[in-house]
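Visitor: I'd like to learn how to read a model like this one, feature by feature. Could you walk me through it?

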Amino acid sequence: MNNWDNNGKTFVVTGSSSGIGKSCAESLLKSGAKVIGIDVSGSAIDDPSYTHHTASVTDEEEITKITDSIPQIDGLVNAAGIWGSGKPFYELEASEWERPISVNLTGTFTVSKAVSRRMIPSKKGKIVNISCIRSSIFRNNMAGYAASKGGIVSLTSAMALDLAPHGIQVNSVAPGFTYTGMTKASFDNPEVRKQSENLIPAGRLGMPEDIAGVVMFLLSDLSDYMTGTNVYADGGYHIQK
Ligand SMILES: NC(=O)c1ccc[n+]([C@@H]2O[C@H](COP(=O)([O-])OP(=O)(O)OC[C@H]3O[C@@H](n4cnc5c(N)ncnc54)[C@H](O)[C@@H]3O)[C@@H](O)[C@H]2O)c1
């Protein structure tokens, strides 16, 4: 058995119907794991080892019901997420501010809480949260989204400390510009795509598989000594001025 063999293991993946979450779920299935997907959209994966729950990460009662029904949970990927309202922060309605905070940040908290309680008795587990380059590098008109992603980086470190004595590692991955359902409309515009590619040292957009590869490492025992870390997967975007 090698480090990438997930036979006999079960992982929960939120946001599993599209983009990064879907790619993480597919990579885990390929590695022999069982995957429990949670998404507000219906299932987009047809695999005998995949079970789908149509639910929102904001619904604590439903999330707890789902996680309590899984016999054993070895790892969790929190990939469900939404973009915010593209306005200056001083024009945001309270509800526009709260949407990305509620789904991205509180959703990550809610699912992690429910899953951690199941992992703690077995004294092992892996949690990977999806943050963003927008947790530390900003543009105008993204206050709610950026705050939710900065919050995820802080939450990751705080969770890592609380869970370290229980043998559970918690890390986050910060993707850069990635071609997914969330960004398709922008990046299908050749001008926007070119402008974005020009900002990326690697010279190309990220694909969901680029992010899933890093997540797979963080879910594996190769990363057992890493916890509380935010790993950039952005083609080098964050290292330039
Ligand atoms: N695409 C990018 O450029 C990029 C960059 C950095 C970070 N991210 C982050 O990656 C994560 C995945 O996004 P993506 O780009 O794959 O987008 P996506 O839209 O392709 O996938 C997001 C999935 O989350 C689901 N979802 C939304 N709200 C939900 C809720 N309340 N409960 C359960 N599921 C819900 C959606 O239905 C969708 O299937 C998000 O957290 C996003 O912020 C994306």
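Guide: What follows is a short tour of the ligand site, some backbone angles, burial and contacts. Keep in mind that this is a predicted model.

Visitor: Let's start with the ligand. Which residues come nearest to the ligand?

Guide: A residue counts as near the ligand if one of its heavy atoms lies within 4 Å of it. Here there are 29 residues around the ligand, and Ser18, Asp39, Tyr145, Lys149 and Thr180 come nearest.

Visitor: And which polar side-chain atoms lie by an oxygen atom of the ligand?

Guide: For a polar contact, look for a pair of N or O atoms within 3.5 Å. Asp39 has a polar side-chain atom 2.6 Å from a ligand oxygen, and Tyr145 has one 2.7 Å from a ligand oxygen. With Lys149, an N or O atom of the side chain sits 2.7 Å from an oxygen atom of the ligand.

Visitor: How much of the ligand's accessible area does the protein cover?

Guide: Take the area the ligand has on its own, then see what share the protein covers. On its own the ligand has 830 Å² of accessible area, and the protein covers 91% of that. As for pockets, the space taken by the ligand is the largest one.

Visitor: Which elements give two or more residues to the shell around the ligand?

Guide: Those are helix H1, residues 19-30, and helix H4, residues 143-163.

Visitor: What does the shell look like by class?

Guide: Sort the shell residues into nonpolar, polar and charged, and you get 14 nonpolar, 13 polar and two charged.

Visitor: Now the backbone. Which residues have a positive phi although they are not glycines?

Guide: Go residue by residue and check the sign of phi. Lys123 has a positive phi of about 60° without being a glycine. You'll find Lys123 in the loop between helix H3 (94-119) and strand S5 (125-130). Asn141 is another non-glycine with a positive phi, about 65° in its case. Asn141 belongs to the loop between S5 and H4.

Visitor: Is Asn141 buried, partly exposed or exposed, and why?

Guide: Read burial from relative accessible area: under 20% is buried, over 50% is exposed, and in between is partly exposed. Asn141 is at 35% relative accessibility, so Asn141 counts as partly exposed.

Visitor: Where would I look for a buried residue, then?

Guide: Try Ser148, in helix H4. Ser148 counts as buried because its relative accessibility is 0%. The side chains of Ser148 and Asn104 are also joined by a polar contact of 3.1 Å.

Visitor: What about Pro71, buried or exposed?

Guide: Pro71 has 77% relative accessibility, so Pro71 counts as exposed. Pro71 lies in the loop between helix H2 (60-68) and strand S4 (75-78). From Pro71 to Met119 is 48 residues along the chain, and their C-alpha atoms are separated by 11 Å.

Visitor: That brings in sequence distance against distance in space. How far apart are Ser27 and Ala212?

Guide: Set the two separations side by side. Ser27 and Ala212 are 185 residues apart in sequence, with 7.0 Å in space from C-alpha to C-alpha. Ser27 is in helix H1, and Ser27 is partly exposed because its relative accessible area is 21%.

Visitor: And how far are the C-alpha atoms of Ser17 and Asp39 separated?

Guide: By 6.2 Å, with their positions 22 residues apart along the chain. Ser17 is in the loop between strand S1 (10-14) and H1. At 13% relative accessibility, Ser17 counts as buried. Asp39 is the residue we met at the ligand, with its polar side-chain atom 2.6 Å from a ligand oxygen.

Visitor: One last pair: how far apart are Tyr232 and Val214?

Guide: They are 18 residues apart in sequence and 9.1 Å apart in space, C-alpha to C-alpha. Tyr232 sits in strand S7, residues 230-233, and with 26% relative accessibility Tyr232 counts as partly exposed.

Notes:
Residues numbered from 1 in each chain as written. Predicted model: local features only at pLDDT ≥ 70, side-chain atom pairs only at ≥ 80, totals over all residues. Heavy atoms only, no water. Polar contact = N/O pair within 3.5 Å; in protein donor to acceptor, adjacent residues only side chain to side chain. Areas by Shrake-Rupley, 256 points an atom, 1.4 Å probe, with all protein chains shown as cover. 1 Å grid on protein atoms, 1.4 Å probe; cavity = no way out; pocket = protein on both sides within 12 Å on 5 of 7 lines; lining within 4 Å. Sits in = over half its atoms within 2 Å of the grid points. Helix = DSSP H or I, 4+ residues; strand = E, 2+ residues; numbered from the N terminus. Nonpolar A, V, L, I, M, F, W, Y, C, P; charged D, E, K, R; others polar. Buried < 20%, exposed > 50% of the residue type's maximum accessible area, 1.4 Å probe, protein only.
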